[in-house]
Every structure is written in structure tokens, then in C-alpha cells.
Amino acid sequence: MDYGKERVVALVDMDCFYVQVEQRLNPALRNTPCVVAQYKTWKGGSIIAVSYEARAHGVTRNMWVDDAKKLCPDLQVARVRESHGKADLTHYREASVEVIEVMSRFAVIERASIDEAYMDLTAAVQQRWKNMPDQQINPCLLRTTYIQGYPQSGQEPSADDDSSQVDDSIMDKEQRRSIGVQQWLASSSIGEQNSAEMQLTVGALIVEEMRAAVEKHTGFRCSAGISHNKVLAKLACGLNKPNRQTVLPLDSVAELFSTLPISKIRNLGGKMGASITETLGVANMGDLTQFSQAQLGQHFGEKTGF
DNA sequence: CATTAACATATC
DNA sequence: GATATGTTA
């Protein structure tokens, strides 16, 4: 197995989780611009979760409710329960347990926060692959999956149709997604069996099923990233939200990194990322390839991952 | 007072 | 084990 492709790792992240919990409880909040806010006295309270409808109006986390209402006059506001004058998140913790229970049927999970969990799917993928008689995957089983880097421009979506081109101007996002999956399946099934690419695809299949089970049993929707390690899975998860999942093959990383700000990588969003950018005078992840491991280790210490 | 709370890791 | 620091949502 190629270096860096040993495992299949996924990160599942609930979409605006606190909002979904309140929407399940109060149907009047569903499919509307709404937020969850804590405390009431100062500027209407501070916002800790935002529905995607409200995001479309420019409402963000940690905005004051009074300010958000200016951007979105019909914004609905759910309040965090308060006990002893403090925000009480028990409600959301209990909903989190419901989700974790369903996910745990599919794999051993590592709870990363109240609304996200990592999982190593390597063993589950091997099992599943073994039990797939024709070892083929129907693209309709990857209904909500994006393959990062696909479709590749200048390639045809199918072997017997050499007239079609990948044309953004006439294709909507769903059509493009679907063509990308087809192209990926066509190109990753040739070559060695059970390749790293095929393992990611089987991982995506398992995560599709896991996410469907979570929605069926809890009513909550989520997004996911599937790749070879936790950092890439987390990055992938953010590429197509909400209610979608993204496979990030190692071969698509270089192109993605070429325009990706260093601050977008988990744990580099703060002082560490700023110090890298400052010290080396570079902006994007891809720029880091011009430095040797020794150079990077020199300035950014052994303890911090170099 | 005006995010705030949770979580992980480093340090004493 | 407590405390400080960093990071995230």
C-alpha cells in the first residue's frame, strides 16, 4: 500500500447541530431562517448556531441577535436553556448521544466534539469489499457523494460517448457531482484491484449508509469527509455542506492545496498558522512543498507535528 | 463584563 | 493533578 494511503478515515459533522435539535422539537422552525442564541439581556443574546437559510442572509455565529435581525428581519430565535444563570447544553448533549449510538453500529468512533466524530473505517472497508461478489459499485449508491477533483476537465464521462464535455455553463451542481462520481468509478476500477482509491469509495458507501441511518433514527442530517487521515477527512467534510459527503483522494490534494490558505487546515487556524505564514512568507498549503522537513521542523518545533 | 464553552495538550 | 495555553464552533 502506498505511503499515506494505509487507512480509510472519515469525519462526520452534524449540520448546524443545535439548530436541528431545536427544529426537531419545534416544527415551526423547520426550513426557515433561524438561530440558536444564548442569554437575552445583552443585544438580544449571542448566536451559537445558524440555519443555512439564515446564513444566506449573512447571519453568522457569535453575532448579536439584534444585529442579525437587521440582516434578516423574519429571523426566528430559539434560546438555550439556562440554569443558575448559565447556559445549559444538556439538551444538545443528549441529542449527541442519540447520534453517537447510531454511528457506533457501523464503526468504532472517536467523538471529537458534541457534533462531530472521526472513525477509522479501514477494517470495515476490507470486510465489505470481501463480501461484494462483483466488487463493483453502482453510482446511485453514492447519491450524496462528491469526489474532490472530479470531473476532470477534458475527459469524457463514459467510454461510448466521446461528444460530451464537462461544461459548467450548462450543468448544475448535481449534474456535475454525478458526472464526477461516474468518471471516478470508471477510472478507479481499472488497474489493481482493491486499490486505495477503491477503498475510499467503499468507505464512502459505508458513510452514505451511516448518514442515512442517523437521519432515519434521529431526524438529524450531517456532512462527512472520507480520506486517508483525520486532517484530510476534516478538510473534505467542509467542501460540500450541508447534507453531503466528500471523498478526498490523495491525488487531488496537490491541486486543492495550491489555492488553500494555511488557516483552513485543522489546528492551523490560529497562532500556529499565522506564525507559519509570517515566518515563511507563504499563503497557501501548496507553498509548503518548497521547504524541507528539516526547515519546517527547525522553526516549528518537534512537539507540534513536524 | 459583552462571546462563550468545550476540549486537547503543554507545563509546572 | 492543577493550571495555562491554543483551537474550534
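Reader: Which domains does the assignment give for chain A?
Author: Domain 1 covers 9-15 + 92-251, domain 2 covers 17-89 and domain 3 covers 259-304. Those bounds come from an automatic or database domain assignment. This is a predicted model, where local features need pLDDT of at least 70, side-chain atom pairs count only at pLDDT 80 or more, and totals for chains, interfaces and linings use all residues. Residues are numbered from 1 along each chain as its sequence is written, chains are lettered from A and ligands numbered from 1 in the order in which they are written, and side-chain values use heavy atoms, with hydrogens and water left out.

Reader: What separates the centres of domain 1 and domain 3?
Author: 28 Å, taken over C-alpha atoms.

Reader: And how many residues are in contact there?
Author: Five residues of domain 1 are in contact with four of domain 3. Contact means heavy atoms within 4.5 Å.

Reader: What area is buried between the two?
Author: About 360 Å². Carbon and sulfur atoms give 72% of that. Buried area is the accessible area (1.4 Å probe) that two parts lose on being put together, summed over both.

Reader: How many salt bridges across that interface?
Author: The rule finds one. Glu116 pairs with Arg266, with the closest N and O atoms 3.6 Å apart. The rule asks for a side-chain nitrogen of Lys or Arg within 4 Å of a carboxyl oxygen of Asp or Glu.

Reader: How many residue pairs in polar contact across it?
Author: Zero, counting pairs with both residues at pLDDT 80 or more. A polar contact is a pair of N or O atoms within 3.5 Å; within protein, one must be able to donate a hydrogen and the other to accept it, and residues adjacent in sequence count only if both atoms are side-chain atoms.

Reader: Which elements supply the domain 1 side?
Author: Strand E8 (116-120) and helix H8 (230-237) each supply at least two residues. H8 gives the largest share, three residues. Helices (H or I, at least four residues) and strands (E, at least two) are DSSP runs, numbered from the N terminus.

Reader: How do the residues on that side divide by class?
Author: Three are nonpolar, none polar and two charged. Ala, Val, Leu, Ile, Met, Phe, Trp, Tyr, Cys and Pro count as nonpolar, Asp, Glu, Lys and Arg as charged, and the others, Gly among them, as polar.

Reader: Switching to DNA. Which residues are around strand C?
Author: Arg61, Lys234, Ile265, Arg266, Asn267, Leu268, Gly269, Gly270, Lys271 and Met272. A residue is near a strand if one of its heavy atoms lies within 4 Å of it. Arg266 is also the salt-bridge partner of Glu116.

Reader: Which part of strand C is Arg61 close to, and at what distance?
Author: A base nitrogen, 2.7 Å from an N or O atom in the Arg61 side chain. Lys234 goes to a phosphate oxygen with a polar side-chain atom, at 2.9 Å. Asn267 uses a backbone N or O atom, 2.8 Å from a phosphate oxygen.

Reader: What do the strand C atoms within 4 Å of the protein belong to?
Author: Sugar or phosphate for 69%, bases for the rest.

Reader: And DNA strand B, which residues come nearest?
Author: Of the ten around it, Tyr39, Trp42, Asn62, Lys86 and Arg93. Sugar and phosphate account for 44% of the strand B atoms within 4 Å of the protein.

Reader: What are the distances to phosphate oxygens of strand B?
Author: From an N or O atom in the side chain, 2.7 Å for Tyr39 and 2.6 Å for Arg93. Asn62 has a polar side-chain atom 3.3 Å from a base oxygen.

Reader: How many salt bridges does the rule count in the model?
Author: Twelve. One pair is Lys241 and Asp13, at 3.2 Å, N to O. They sit 228 residues apart: Lys241 in the loop between H8 and E11, Asp13 in strand E1 (residues 9-14).

Reader: Backbone check. What kind of peptide bond joins Lys241 and Pro242?
Author: A cis one, with omega about -5°. Another cis bond joins Tyr150 and Pro151, with omega about 0°. Pro151 is in the loop between strand E9 (145-147) and helix H6 (173-189).

Reader: What is the phi of Asn31?
Author: Positive, about 55°, although Asn31 is not a glycine. Asn31 lies in the loop between helix H1 (17-25) and strand E2 (34-38).
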